[in-house]
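Morning, everyone. I have one structure to walk through today. Let me put it on the screen.

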Amino acid sequence: MTKLSVNINKVATLRNARGGNNPDVIKVAQDCERFGAQGITVHPRPDERHIRYQDVMDLQKVVTTEFNIEGNPNGRFLELVKKIKPTQVTLVPDAEDVLTSDTGWDTIKYEVFLTETIAELKSYGMRTSIFINPAKDLITGAAKVGADRIEFYTGPYAEQYSKDCEQAIEAYVECAKLANSLGLGINAGHDLDLTNLQYLKHQIPALKEVSIGHALICDALYYGLENTIQMYLRELQ
Ligand SMILES: CC(=O)[C@@H](O)[C@H](O)COP(=O)(O)O
Ligand SMILES: NCC(=O)COP(=O)(O)O
């Protein structure tokens, strides 16, 4: 089974546009769960331009499915997740001013940092996942630093999918086999949508979880949130 974790960053972006509390991210998270989502993902950024640190604290009290917090493990982020102890922490190597995540970890260059950070997070009982590009040496590095899971950065897959889906998935399939053999669980995320999700799932049956935000929230404008979540779940069957 592949779990669908809904990333609600974009809901917070909309709320922040007017300064009030509409839409209410807490209610949306609860509704996503009620409509069948098996997890809630947030990615607080240092400038808090969408999900705020306080939102993450408030969400912790209501999320009953898997809570996945993504981000660059700077001091403030680590304090937050140690307080909250979500099901899963996904480490993402984002620069402070990046528009959105655009690459995964260099698990070789950052071996010492990742090993220490992951050991600390695991000592608090959190599952750890690291955002990663599909390259075999990086996957081997992910196992070496002690991560429980990898999250494939699927931005390049999504970009190439419409031109040549076989070419787009090739490296991911090879790296998924390696990850399996090393005992790493496999998650995936970034720019996944209703056109490219089913193929990813079919090509990587061991996929444990996808986190989807931007496209899903955009689709919800047309189909409604409940229908949209059902549509994404259907792609994962
Ligand atoms: C790691 C990842 O791919 C997602 O968390 C994505 O970056 C969402 O972040 P934004 O909502 O800030 O684009
Ligand atoms: N980890 C990926 C994620 O949470 C959502 O990415 P996107 O669907 O907003 O591109």
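Start with ligand 2. Fourteen residues sit around it, and the nearest are Asn 7, Gly 189, Ser 211, Gly 213 and His 214. Remember that this is a predicted model. Which elements each supply at least two residues of that shell? They are strand β8, residues 207-212, and helix α10, residues 214-223. By class, the shell around ligand 2 splits into eight polar, three nonpolar and three charged residues.

Now ligand 1. Here 13 residues form the surroundings, with Asn 9, His 43, Thr 100, Ser 101 and His 190 closest. The classes for ligand 1 are nine polar, two nonpolar and two charged.

Two of those names come up again in the annotation. UniProt, in an unreviewed entry, lists His 43, Glu 70 and His 190 under "active site". In sequence they spread over 148 residues, yet in space they cluster, with a largest C-alpha distance of 12.1 Å.

Take Glu 70. It belongs to strand β3, residues 66-71. Is Glu 70 buried or exposed? It counts as buried, because 28 C-beta neighbours fall inside 10 Å, and the cut-off for buried is 20 or more. Beyond its neighbours within four places in sequence, Glu 70 is in contact with Thr 41, His 43, Thr 90 and Val 92. So one listed residue touches another: His 43 is among the contacts of Glu 70, and UniProt lists both. Next, His 190. This one lies in a loop, between β7, residues 185-189, and α9, residues 197-203. His 190 counts as buried too, because it has 24 C-beta neighbours inside 10 Å. Not counting residues up to four places away in sequence, His 190 touches Ser 101, Tyr 153, Thr 154 and Gly 155. Ser 101 also appears among the residues closest to ligand 1.

Now the fold. How do the eight strands close up, and in what order? They form a barrel, running β1-β2-β3-β4-β5-β6-β7-β8, with parallel pairing. Neighbouring strands of this sheet are turned by 25° against each other on average, direction ignored.

One pair in detail. Strands β7 and β8 run parallel and are joined by four bridges. Ala 188 stands opposite Val 210 in β8.

Last, a helix. Helix α6, residues 136-144, lies across β5, residues 127-132, and β6, residues 149-153. Its direction is at about 160° to β5.

That's the tour. Over to you.

Methods
Residues are numbered from 1 along each chain as its sequence is written. Chains are lettered from A and ligands numbered from 1 in the order in which they are written. This is a predicted model: local features need pLDDT of at least 70, side-chain atom pairs count only at pLDDT 80 or more; totals for chains, interfaces and linings use all residues. UniProt positions are given in the numbering used here, feature names are shortened, and annotations may be inferred rather than shown by experiment. A residue is buried if 20 or more other C-beta atoms lie within 10 Å of its own, exposed if 12 or fewer, and partly exposed in between; C-beta atoms are placed from the backbone. Two residues are in contact if their C-beta atoms, placed from the backbone, lie within 7 Å. A residue is near a molecule or strand if its C-beta atom, placed from the backbone, lies within 6 Å of it. Ala, Val, Leu, Ile, Met, Phe, Trp, Tyr, Cys and Pro count as nonpolar, Asp, Glu, Lys and Arg as charged, and the others, Gly among them, as polar. Two strands pair if DSSP finds at least two bridges between them. Axes are lines fitted to C-alpha atoms, for helices over the stretch in contact, and angles run from 0 to 180 degrees between N-to-C directions.
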